[in-house]
Amino acid sequence: MPVQMQLSRIIISEINEQQFIYLKEVDGDRQFPILIGLAEATAINAGVRRIRSPRPRTHELLIGAIEAMGGELDSIAISELRDHIYYARIRVRREGELIEIDSRPSDAIAVAFASDPPLPIYVAEEVLEESTGS
């Protein structure tokens, strides 16, 4: 059963290539970090702060393309952890069908926060257990 999570922290460092986001369980105490790139951290931060650009950014472009093709963004899910790499899915409803699009977690979370309202974030229980050691 997937667990709903929320973004609890974004750590952006201008002197390091590695950036971190922390996801925290909505109805619990478990949390874990995900290592991401600077561009993705900046995009997530802009989405969280609701900073709008006069022209669509990459994640906003993806949202626009999905909606133009009749899709409705549903949620994102971090579905797997394999060899220390997280895998995610952007979940889209179209004509009553749920379609899952493979994504890096950082891009999926950027899409979640570029959406209005932000999309729910879910993490598979197995991923959460492995990431938090519980």
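The following legends describe an overall view and several close-up views of one predicted model.

**Conventions.** Residues are numbered from 1 along each chain as its sequence is written, and side-chain values use heavy atoms, with hydrogens and water left out. Because the model is predicted, local features require pLDDT of at least 70 and side-chain atom pairs count only at pLDDT 80 or more, while totals for chains, interfaces and linings use all residues.

**Figure 1. Overall view of the chain and its order of elements.** The chain contains 4 helices and 7 strands, where helices (H or I, at least four residues) and strands (E, at least two) are DSSP runs numbered from the N terminus. Read from the N terminus, the elements follow the order β-β-β-α-α-β-β-β-α-β-α. The radius of gyration is 14 Å, which agrees with the value near 14 Å for a compact globule of 134 residues; the radius is taken over C-alpha atoms, and the globule rule is 2.2 Å times the number of residues to the power 0.38. Along the principal axes, the C-alpha atoms fill a box of roughly 40 × 40 × 25 Å. Of the 134 residues, 40% are buried; buried means under 20% relative accessible area, exposed over 50%, and partly exposed in between (1.4 Å probe, protein chains only). Carbon and sulfur atoms supply 50% of the roughly 8000 Å² that the chain exposes, with areas from the Shrake-Rupley method and a 1.4 Å probe, and for residues only the protein chains shown counting as cover. Among contacts (heavy atoms within 4.5 Å) between residues at least 6 apart in sequence, 47% join residues at least 24 apart. The mean positions of the 14 positive and 22 negative charges are 6 Å apart. Lys and Arg count as positive and Asp and Glu as negative, without His and the chain ends, and each charge is placed at NZ of Lys, CZ of Arg, CG of Asp or CD of Glu.

**Figure 2. Helix H1 and the loop that follows it.** The buried residues of H1 are Glu40, Ala41, Ala43, Ile44, Ala46 and Gly47. These buried residues pack against strand S1 (3-11), strand S2 (19-25), strand S3 (31-36), H2 and H3. Just after H1, Arg50 adopts a positive phi of about 60°. Arg50 belongs to the loop between helix H1 (38-48) and H2 and counts as partly exposed because its relative accessibility is 30%.

**Figure 3. Glu60 in helix H2.** Glu60 lies in helix H2 (residues 58-68) and counts as buried, since its relative accessibility is 17%. A polar atom of the Glu60 side chain lies 2.7 Å from the backbone nitrogen of Arg57. Not counting residues up to four places away in sequence, Glu60 touches Arg52, Arg55 and Ala114.

**Figure 4. Leu81 in strand S4 and its partners.** Leu81 is placed in strand S4 (residues 72-82) and is buried, with a relative accessible area of 19%. Apart from residues up to four places away in sequence, Leu81 touches Tyr86, Val127, Glu130 and Ser131. Leu81 and Glu130 are 49 residues apart along the chain, and their C-alpha atoms are separated by 8.0 Å.

**Figure 5. Arg91 in strand S5 and the loop before strand S6.** Arg91 lies in strand S5, and its side chain makes a polar contact of 3.1 Å with that of Glu100. A polar contact is a pair of N or O atoms within 3.5 Å; within protein, one must be able to donate a hydrogen and the other to accept it, and residues adjacent in sequence count only if both atoms are side-chain atoms. Beyond residues up to four places away in sequence, the residues touched by Arg91 include Glu72, Asp74, Leu98 and Glu100. Glu95 lies in the loop between strand S5 (85-94) and strand S6 (97-103). Glu95 has a positive phi of about 50° although it is not a glycine, and it counts as exposed at 72% relative accessibility.

**Figure 6. The cis peptide bond at Pro117.** Most residues other than glycine have a negative phi, and most peptide bonds are trans. Asp116 and Pro117 are joined by a cis peptide bond, with omega about 0°. Pro117 lies in the loop between helix H3 (105-114) and strand S7 (121-123).

**Figure 7. Pro2 in the segment before S1.** Pro2 touches Tyr122, Val123 and Ala124, not counting residues up to four places away in sequence. The C-alpha atoms of Pro2 and Glu126 are separated by 8.7 Å, although these residues are 124 apart along the chain.
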